[in-house]
Amino acid sequence: RMNMILHGVHHTRFDIKLEDTLEHPLHDRLDAEAVVANPPFSAKWSANQLFMTDDRFSEYGTLAPASKADFAFIQHMLYHLSDNGVMAVVMPHGVLFRGAAEGHIRKYLIEEKNYLDAVIGLPPNIFYGTSILTCILVFKKCRENPNDILFIDASQNFEKAKTQNYLRDEDVERILDVYINRSNIEKFSHVASLDEVRENDYKLNIIRYVDTFEKEKPVDVNLTCALLDVIKQKSTENDEILIKICKEIGLPFPNFNNIVLLQQYKKGIVQKLLSQQIRFKNKDGYDFPEWERKKLGELTYKTGKKNKDNIKYPIYSINNIDGFLPQSEQFDGMDSNNRG
């Protein structure tokens, strides 16, 4: 009820009751002229064989599986649709191609009933709580175009928001325009004959009917080889620098052909350097022989700090841009210009 009110529908215009739509329907046949629904995706239901005598399901010869009630909802709504009615229902893509009982029901709806009018693929992540791809199935009991089914791939036409995608007005208008005119548009829509659907064994995957394949740009082999040579040269130069650093800090440089392990090893060394785990002296306390020596004043900056007596005294902090010592190592009361 709150949902209806938030969408501007006055409470006198709807009658909502709490029940299980499939297991315990409250209404006899409604003969609704329009049905718009977004049932729970792949919900479970009992699929009790007693439903084989239920007018909603009996003529199909089988029931939707207990683990996925998608087609049970479709059958329920089609039962309540009038002979001149239109139904649009949001479904997961699984209903388009799953086999077994669902495949049998899908074939019956297309071949025997000929109710399916259009399949519209929607963008991902446009519904709260799920990011899966969904589609709109449009059914008509009295179809103006009984010899074909319209497929629209609108999955690439949307606005990307921070947490959720949404269809813009122009995206909706494009879908409506193609649906009304049943247009064939390259990489967007295709009107498939029933014979074409039969050839695909009544599978309705949109990609079977709307070719959205993008050809890859041709590769300039000569340019690629030249770039690889440059990369190899740079890699060799970097390895020479890395070997020098490993020698200075006493780490062995690997000499093997396993590219993955070598990359991980290099990454580990670089992380140690950038995380300041390596100091200016080796484990024996001696300076690394090839490292540049600088005055402490070139590496520090002076800040002020008050002690408990509110007297301000200088602090010299290591500048980690010029050296690998952490900033947490501070020096107070030190004449930086006289230290090396």
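Gln75 is buried, with a relative accessible area of 0%. This value, like those that follow, is taken from a predicted model. Gln75 belongs to helix α2, and beyond its neighbours within four places in sequence it is in contact with Arg56, Phe57, Tyr60, Thr62 and Ile105. The burial of Gln75 is shared by the rest of the helix: 10 of the 10 residues of α2 are buried, so the helix is largely enclosed by the rest of the structure. The residues concerned are Asp70, Phe71, Ala72, Phe73, Ile74, Gln75, His76, Met77, Leu78 and Tyr79. Elements that cover them include β1, β2, α3 and β4.

In the protein as a whole, 8 helices and 11 strands are found. Of its 340 residues, 36% are buried. Where contacts join residues at least 6 apart in sequence, 59% of these contacts link residues at least 24 apart.

Helix α2 also forms part of a connection between strands. Strand β1 (residues 32-37) and strand β2 (residues 81-92) are paired in the parallel sense through 5 bridges. Between these strands the chain passes through α2, and the resulting β-α-β crossover is right-handed. Within the pairing, Ala34 has Val86 of β2 as its bridge partner. Strand β2 is further joined to β4 by 7 bridges, and these two strands run antiparallel. Here the bridge partner of Met91 is Cys135, in β4.

Met91 is also among the residues that are in contact with Phe41. Phe41 is placed in the loop between β1 and α2, and with a relative accessible area of 23% it is partly exposed, because the buried class requires a value under 20%. Leaving aside neighbours within four places in sequence, the contacts of Phe41 are Asp70, Val90, Met91, Pro92, Thr130, Ile132 and Thr134. For one of these, Pro92, the C-alpha atom is separated from that of Phe41 by 6.3 Å, although the two residues are 51 residues apart along the chain.

Helix α3 (residues 100-113) was examined for its length and its surroundings. At 1.5 Å a residue, its 14 residues should span 20 Å, and the end C-alpha atoms are 19 Å apart, which agrees with that expectation. The buried residues of α3 are Ala101, Glu102, Gly103, Ile105, Arg106, Tyr108, Leu109 and Ile110. An α-helix has 3.6 residues a turn, so residues three or four places apart point the same way. The cover over the buried residues of α3 includes α2 (70-79), β3 (116-121), β4 (134-140), β5 (148-153) and α5 (194-199). One of the buried residues of α3, Ile105, is also a contact of Gln75. Just after the helix, Asn114 adopts a positive phi of about 55°.

Aromatic side chains were considered next. A pair of aromatic rings is described by the distance of the centres and the angle of the planes. The count comes to 6 aromatic pairs. In one of them, the rings of Trp45 and Phe57 have centres 5.5 Å apart and planes at 50°, so the pair is tilted. Both residues lie in the loop between β1 and α2, so the pair ties together parts that are 12 residues apart in sequence. Trp45 and Phe57 are both buried. Ring pairs also bring in Phe51, which is linked with Trp45 and Phe57 into a cluster. Phe57 is in addition one of the residues in contact with Gln75.

The rings of Phe151 and Tyr209 have centres 4.0 Å apart and planes at 10°, so this pair is stacked. Phe151 lies in strand β5 and Tyr209 in the loop between α5 and α6 (221-249), so the pair ties together parts that are 58 residues apart in sequence. Phe151 counts as buried at 0% relative accessibility, and Tyr209 is likewise buried, with a relative accessible area of 6%.

Charged groups are also placed over aromatic rings. Arg29 lies over the face of Tyr79, at 4.4 Å from the ring centre; Tyr79 is one of the buried residues of α2. For Arg174, the charged end sits over the ring of Phe188, at 3.7 Å from its centre.

Note on methods: Residues numbered from 1 in each chain as written. Predicted model: local features only at pLDDT ≥ 70, side-chain atom pairs only at ≥ 80, totals over all residues. Heavy atoms only, no water. Helix = DSSP H or I, 4+ residues; strand = E, 2+ residues; numbered from the N terminus. Expected span 1.5 Å × (residues − 1). Buried < 20%, exposed > 50% of the residue type's maximum accessible area, 1.4 Å probe, protein only. Contact = heavy atoms within 4.5 Å. Pairing = 2+ DSSP bridges. Right-handed = clockwise from strand over helix to strand, strands pointing away. Phe/Tyr/Trp six-rings, centres within 6.5 Å; stacked < 30°, edge-to-face > 60°. Lys NZ or Arg CZ within 6 Å of the ring centre and 35° of its normal.
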